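Please look over the sequence and the model below. This report covers ring pairs and backbone angles.

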Amino acid sequence: MEEKILKGNKTGMAVLLLTIVLYIAAVCGIVWAAVALDGALFTVIMTVCITWCALGWLLFCGLKVLAPQEALVLTLFGKYIGTLKGEGFYFVNPFCTAINPAAKTKLGQSADVDGGPRLRASKNGEVELNLPSSKKISLKVMTLSNAKQKVNDCLGNPVEIGVAVMWRVTDTAKAVFNVDNYKEYLSLQCDSAVRNIVRIYPYDVALNIDTTGDGVADEGSLRGSSEIVAGRIRAELQERVQDAGLEVLEARITYLAYAPEIAAVMLQRQQAAAVIDARKMIVDGAVGMVELALERLGDSGLVELDEERKAAMVSNLLVVLCGNHDAQPVVNSGSLY
């Protein structure tokens, strides 16, 4: 299905004024005929004026008003005849029908241009959210914020992730006729794209994991490569919704965390890794300080130490430098040996 733009239909104001003038003329004609005419002429004028008053309102059904960034897909007796695009006051065939299968669909996304949500009271006294519907199709950039979903990463760890997608309709004919409901179609394809991409990456950097598909291990991860992951989600989603006349402008990760059932264990694991890294740094620094101390003592010649005394000195220095608490000094007032 190819989109066909209707042009030259911005005659709504002229048709509206003409219809009103003709109604006024019909009323005047009925009054004039009733007062001043009789016979065949009276019958003809009364028939024409009454017929117009009874059927002239049909022209009002062909008047369409569009705001900026709105479109209207029109069919005539089941046949697609074209799309109205752009702001203006239009007049089309009064028997045309506007189609928008996603008019009442709201999937946690930004409101369409037909107005925002309103509160109303339900029968049981509770307040409900009343979402107005319209057959007009919004051409604005809209944001789809899908609910958080649980996905296993490449290591099998359950991860909760949420994605926001910025999108818009580019081909109204494809959006209306190629898929049943283009908003639901976009949402389902978004879920599928997220799952396909997330399963390629680990949550954190892991060894021997290839996330690019080139056969070489890399340091890609959901937490550290969020921009790359979002870009791949956008690219896959765009490929899936191309036939639906939609354009995906951007995708962003809005929420990322381990699933609650393993979050505490993974936190302990991260804490243990941090402690090990800190201890390794402390030991490396302590060994360097011991080497420096022995080298300085040897160069200055203040004292000569045999291997046994050097080993004792190294042990004492490492205990002091690597301990969690401050060392308690012991004063030796006797001989070194």
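A residue is called buried under 20% relative accessible area and exposed over 50%, with partly exposed in between. W52 has 22% relative accessibility, so W52 counts as partly exposed. The model is a predicted one.

**Aromatic rings**

The structure holds six aromatic pairs. One of them joins Y23 and W52. This pair is tilted, with 5.6 Å centre to centre and 50 degrees between the planes. Y23 lies in helix 1 (residues 12-36) and W52 in helix 2 (residues 39-55), so the pair ties together parts 29 residues apart in sequence.

Y23 also pairs with F60. Their ring centres are 6.5 Å apart and their planes are at 10 degrees, so this pair is stacked. It links distant parts of the chain: Y23 in helix 1 and F60 in the loop between helix 2 and strand 1, 37 residues apart. F60 is partly exposed, at 33% relative accessible area. Ring pairs thus join Y23, W52 and F60 into a cluster.

Another ring has a charge over it. K148 lies over the face of Y255, 4.2 Å from the ring centre.

**Positive phi**

Most residues other than glycine have a negative phi. Two residues are listed here with a positive value.

| Residue | Phi | Loop | Relative accessibility |
|---|---|---|---|
| Q69 | about 60 degrees | between strand 1 (63-66) and strand 2 (70-76) | 43%, partly exposed |
| F77 | near 55 degrees | between strand 2 and strand 3 (79-85) | 72%, exposed |

Neither Q69 nor F77 is a glycine.

Methods:
Residues numbered from 1 in each chain as written. Predicted model: local features only at pLDDT ≥ 70, side-chain atom pairs only at ≥ 80, totals over all residues. Heavy atoms only, no water. Helix = DSSP H or I, 4+ residues; strand = E, 2+ residues; numbered from the N terminus. Buried < 20%, exposed > 50% of the residue type's maximum accessible area, 1.4 Å probe, protein only. Phe/Tyr/Trp six-rings, centres within 6.5 Å; stacked < 30°, edge-to-face > 60°. Lys NZ or Arg CZ within 6 Å of the ring centre and 35° of its normal.
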